[in-house]
Amino acid sequence: MNFMKNFKRLFFALLPAVLALACSKDSGQTGVPDPVTDAEARSCYGRIILTWRMPASYDYVEVTYTDPVGCRETVFRATEEYAFANQTEEGKCRLYVDGYLDRDEHSFTLVSYNSSGEASAAVTVSGSALDPAFTVVGATLSLRADFAGAILGWQNVTGVPVIVSASFTDRYGKTVTVIEESDADGELRLGSVAQSGTSIHATVYDITQTYFYTQKSYPDFVPLPEEDLNEYKSEWTVLACSDEPLAGQWGPEWLLDGDIDNTIWHTSVVAAFPVYAVFDMGRPMVVSTIGLTPRQGEGFIHGPRTIRIEVSDDNEQWEEAGFFDFNGLTDETQYFYLDQKSTRSRYLKLTLVESYGEPYAYLAELWIYGGIRE
C-alpha cells in the first residue's frame, strides 16, 4: 500500500513537467523541428520564385543561396510573420529572388530552426530563371516616322515593368533623352526630331536602370514633314472654359478665327489662375507644334507668363504635352513643340497657368501644325 501511495505521489508530482515537455515539443521550442515540405523553384522573367510549406513546429526557416546580383552567399530568414504576409493561394510561403541574367540552374537550401538553434534536415531545390524582361522587351523595339518626329514602339509580354529610353538630337541641335516606364505593349512619341536627319538611339533597362539591352541605333532618321493644319480650325469648337471672358464676349473661340489684329481671348479682369479652355478638334490628329500670337499693339504685355498644353482621346483622360514659358514683351508668334506620348488626339486643353502680374491675360490666335492619320 505504501508503495502505491508513494508511486501516485511521484506520478502526480512529475505530471506537470511531463505535460510541459510535451507541449514544448508541440510548439517547436525544443527538440529537432520538422523540415519544410513541398518546396519548389519556379521560373520567371529574370527571377526565381521559391515556395514551400512551413513545418508544423518551427521558429524560423533559413533559405541559403548565391545572390545573383552580389554573387555572394546570402541567408534569408523567414519567420512566422513573414510566412503569414507572403503566402500563395495554396497557403505556401513565397520568396522572390530577383536579378538573374542567365538561365543556369541555381540551388536553394531550406532549413527550419527552433529557438534553441536546433536544425531540421536540409531541403535543397534548384531552378532557373527565364530571360530578364528588359532583354525580352528590347528585342521587340521598332521605330517609324511621324509628323516632325518618330514613334518608338515595343511589346512587353512579360508584364514586368521596364524602362524604355530613346535619345536623339532635336531640330534646335539639343540632345534629348525620353524615358517611359512600361509593363505592357506601348509607344513613345519622340518630338522635334531634326528635319535634316539624325541618329536615334533606343534601349530598354531593367526597373533599377542597372542592366540594359544592347542599344539599337537608327542613323540618319528623317521624320515625316510637318503639315499646316490651320485650315481645320473652322471645324473646332470650345467645349469648356474655366473663366468668364471679358464683358462676356472675348472668349477662347476667338483664338481660332485667324484674325490677330481685331479679336482676342481676354480672361475676366479678376481671373483665378490657372485658366483653361478645352477644344474639340473634330477629328483625331497629331498636333506636333502649336503657335501662340500675343495681343498686338504697344503696351499689351499682359499675356500669360506660363502655359500648359494637354491632349486627350476622350476628353476624360488627359496627358501633358508641354509646359512652356511665354514671352509677353513681343508681338511675334511663339512656337512650342509638343512632346506627347499618344500618337493621335481629338481634344486639346490650353491652360494659362499664370499671368505677368495682372489678374487677367489675353492672346490673339492659336496656330496648329502636325498631320492627320486616318
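1. Let's start with a cross-strand pair: Ile163 sits opposite Tyr205, which belongs to strand E13. A quick caveat before going further: this is a predicted model, so read everything below as computed from that prediction.

2. The strands behind that pair are E10, covering residues 162–169, and E13, covering residues 198–205. They run antiparallel to each other, with five bridges between them. Another place to look along E13 is His201, the bridge partner of Ser167.

3. E13 also pairs with E14, again in the antiparallel sense, this time over four bridges. If you want a residue pair to put on screen here, take Ile200, which stands opposite Tyr218 in E14.

4. Put those pairings together and you get an open sheet of four strands, ordered E11-E10-E13-E14, with antiparallel pairing. Which strands stand at the edges? They are E11 (175–182) and E14 (216–221); each has a single partner strand, so one side of each lacks a neighbour in the sheet. On average, neighbouring strands here are turned by 15° against each other, if you ignore direction. As general background, strands in a sheet pair through backbone hydrogen bonds, in either a parallel or an antiparallel way.

5. Staying with edge strand E11, have a look at Ser182, which lies in it. Is Ser182 buried or exposed? Its relative accessibility is 9%, and buried means under 20%, so Ser182 counts as buried. Setting aside neighbours within four places in sequence, Ser182 is in contact with Trp154, Asn156, Val160, Pro161 and Val162.

6. Now the pockets. The largest one comes out at about 350 Å³. It is lined by 19 residues, and those closest to its centre are Asp98, Gly99, Val160, Asp206 and Ile207. Val160 is worth a second glance, as it also turns up among the contacts of Ser182. By class, the lining splits into 12 nonpolar, four polar and three charged residues.

7. The second largest pocket has a volume of about 200 Å³. What lines it? The residues are Phe168, Asp170, Tyr172, Lys174, Val176, Val178, Gly191, Ser192, Tyr337, Leu338 and Asp339. Sorted by class, that lining gives six nonpolar, two polar and three charged residues. For orientation, Phe168 falls in the 162–169 range of strand E10, while Val176 and Val178 fall in the 175–182 range of E11.

8. A loop residue to check as well: Gly297 lies between strand E18 (275–293) and strand E19 (304–312). Its relative accessibility of 30% falls between the 20% and 50% cut-offs, so Gly297 counts as partly exposed. Gly297 and Asp331 are 34 residues apart along the chain, yet their C-alpha atoms are separated by 7.2 Å.

9. Finally, the whole-protein numbers. The secondary structure amounts to three helices and 24 strands. Of the 374 residues, 45% count as buried. How much of the contact set joins residues at least 24 apart in sequence? Among contacts between residues at least 6 apart, the share is 68%.

Definitions and conventions
Residues numbered from 1 in each chain as written. Predicted model: local features only at pLDDT ≥ 70, side-chain atom pairs only at ≥ 80, totals over all residues. Heavy atoms only, no water. 1 Å grid on protein atoms, 1.4 Å probe; cavity = no way out; pocket = protein on both sides within 12 Å on 5 of 7 lines; lining within 4 Å. Points joined across faces, edges and corners; volume = space filled by probe spheres on them. Nonpolar A, V, L, I, M, F, W, Y, C, P; charged D, E, K, R; others polar. Pairing = 2+ DSSP bridges. Helix = DSSP H or I, 4+ residues; strand = E, 2+ residues; numbered from the N terminus. Axes fitted to C-alpha atoms, helices over the stretch in contact; angles between N-to-C directions. Buried < 20%, exposed > 50% of the residue type's maximum accessible area, 1.4 Å probe, protein only. Contact = heavy atoms within 4.5 Å.
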